[in-house]
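Biologist: I am new to this structure. Please show it, and then take my questions in turn.

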Amino acid sequence: VQVVESGGGLVQTVGSLRLSCAASGSILSINAMAWFRQAPGKQREMVATITSGGATNYADSVKGRFTISRDNAKNTVYLQMNSLKPEETAVYYCAAALCYSSARGAYDYWGQGTQVTVSS
């Protein structure tokens, strides 16, 4: 399975961005997709997850502002990010797992990451 992120960039505070993650390969084995992020000097943290059935889960810090969704026909997962804050500047990673989990260690396949920079 391969996952490739796109859509990062520079945005001002309270601006919006939409990240995309295209999956390819043995995707029928994948039961969950997720977005993680890692800021400089910090641990990689879960942002949002979505199961093959469409159930979603979010980090408390992004609830109400971020939305994860998927287009099964395109094998693509999206992360719509609204009202972005400077402290959310990070590299955002897309990941895929064989079994659903919100834990980083459960995710077997990772993209290269896309930089999101929120200016104040």
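**Asn82 and the sheet beside it**

Modeller: Apart from neighbours within four places in sequence, Asn82 is in contact (heavy atoms within 4.5 Å) with Gly15, Ser16, Arg65 and Phe66. This is a predicted model, in which local features need pLDDT of at least 70 and side-chain atom pairs pLDDT 80 or more, while totals for chains, interfaces and linings use all residues. Residues are numbered from 1 along each chain as its sequence is written, and side-chain values use heavy atoms, without hydrogens and water.

Biologist: How far apart in space are Asn82 and Phe66, C-alpha to C-alpha?

Modeller: In sequence, 16 residues separate Asn82 and Phe66. In space, their C-alpha atoms are apart by 6.0 Å.

Biologist: Is Asn82 buried, partly exposed or exposed?

Modeller: Asn82 lies in the loop between E8 and strand E9 (90-97); strands are DSSP runs of E, at least two residues, numbered from the N terminus. Buried means under 20% relative accessible area and exposed over 50%, with a 1.4 Å probe and protein chains only. Asn82 has 29% relative accessibility, so Asn82 counts as partly exposed.

Biologist: Why is one side of E1 and of E7 left without a neighbour in the sheet?

Modeller: The open sheet has four strands in the order E1-E3-E8-E7, with antiparallel pairing (at least two DSSP bridges between two strands). E1 (2-6) and E7 (66-71) stand at the edges, so each has a single partner strand.

Biologist: Which residue stands opposite Asp71 in E8?

Modeller: E7 and E8 (residues 76-81) pair in the antiparallel sense over six bridges. Opposite Asp71 in E8 stands Thr76.
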